[in-house]
Amino acid sequence: MKAQNVYRPEAPKRPVNLTVNEDLLRVAKQVGINLSRTFEEAVLVKVRKALEEQWREENKQAIASYNARIEKQGVFGARKRRF
């Protein structure tokens, strides 16, 4: 799954209950921060990171195998390079 396609931005919105430090909430409102948008952006960053870590774990063996092959055989066309 590509990072851009983690979720459907056009999906309907759903209300949720959150607990937040009341002083932080007051200051955020004073400076005009859109809490819903900020929450979505922050969660998206966390989701992308979790999915990336999951992908790396799932593909750890293939990556190690590829790296070992490159270490042993070099990259395709390396003998043809002139730099």
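The side chains of R56 and E52 meet in a salt bridge, with N and O 3.2 Å apart; the term stands for a side-chain nitrogen of Lys or Arg within 4 Å of a carboxyl oxygen of Asp or Glu. These partners are separated by about one helical turn because they sit 4 residues apart in helix α2. R56 has 48% relative accessibility and counts as partly exposed, and E52, at 44%, is partly exposed too. Here buried means under 20% relative accessible area, exposed over 50%, and partly exposed in between, with a 1.4 Å probe and protein chains only.

A word on the model: it is predicted, so local features need pLDDT of at least 70 and side-chain atom pairs count only at pLDDT 80 or more, while totals for chains, interfaces and linings use all residues. Residues are numbered from 1 along each chain as its sequence is written, and side-chain values use heavy atoms, with hydrogens and water left out.

The structure holds 6 salt bridges, including these:

| Pair | Closest N to O |
|---|---|
| R56 and E52 | 3.2 Å |
| D23 and R26 | 2.5 Å |
| E40 and K13 | 2.7 Å |

D23 and R26 both lie in helix α1, 3 residues apart, about one turn of the helix. D23 is partly exposed at 42% relative accessible area, as is R26 at 41%. The bridge between E40 and K13 links distant parts of the chain: E40 belongs to helix α2 and K13 to the segment before α1, 27 residues apart. K13 is exposed at 64% relative accessibility, whereas E40 is partly exposed at 33%.

E40 also turns up at the largest pocket, being one of the residues closest to its centre, along with V16, L35, S36 and F39. That pocket holds about 760 Å³ of space. Its lining of 25 residues divides into 17 nonpolar, 3 polar and 5 charged. Helix α2 gives the most, with 9 residues, and α1 (22-30) and α2 (35-58) each supply at least two. For the record, a pocket is an open set of points on a 1 Å grid where a 1.4 Å probe fits, with protein on both sides within 12 Å along at least five of seven lines; lining residues have an atom within 4 Å of a point.

Now for the overall picture. The protein has 3 helices and 0 strands; helices are DSSP runs (H or I) of at least four residues, and strands (E) of at least two. The C-alpha trace spans about 65 × 30 × 25 Å along its principal axes. Of the 83 residues, 4% count as buried.

Note on methods. Grid points are joined across faces, edges and corners, and a volume is the space filled by probe spheres set on the points. Ala, Val, Leu, Ile, Met, Phe, Trp, Tyr, Cys and Pro count as nonpolar, Asp, Glu, Lys and Arg as charged, and the others, Gly among them, as polar.
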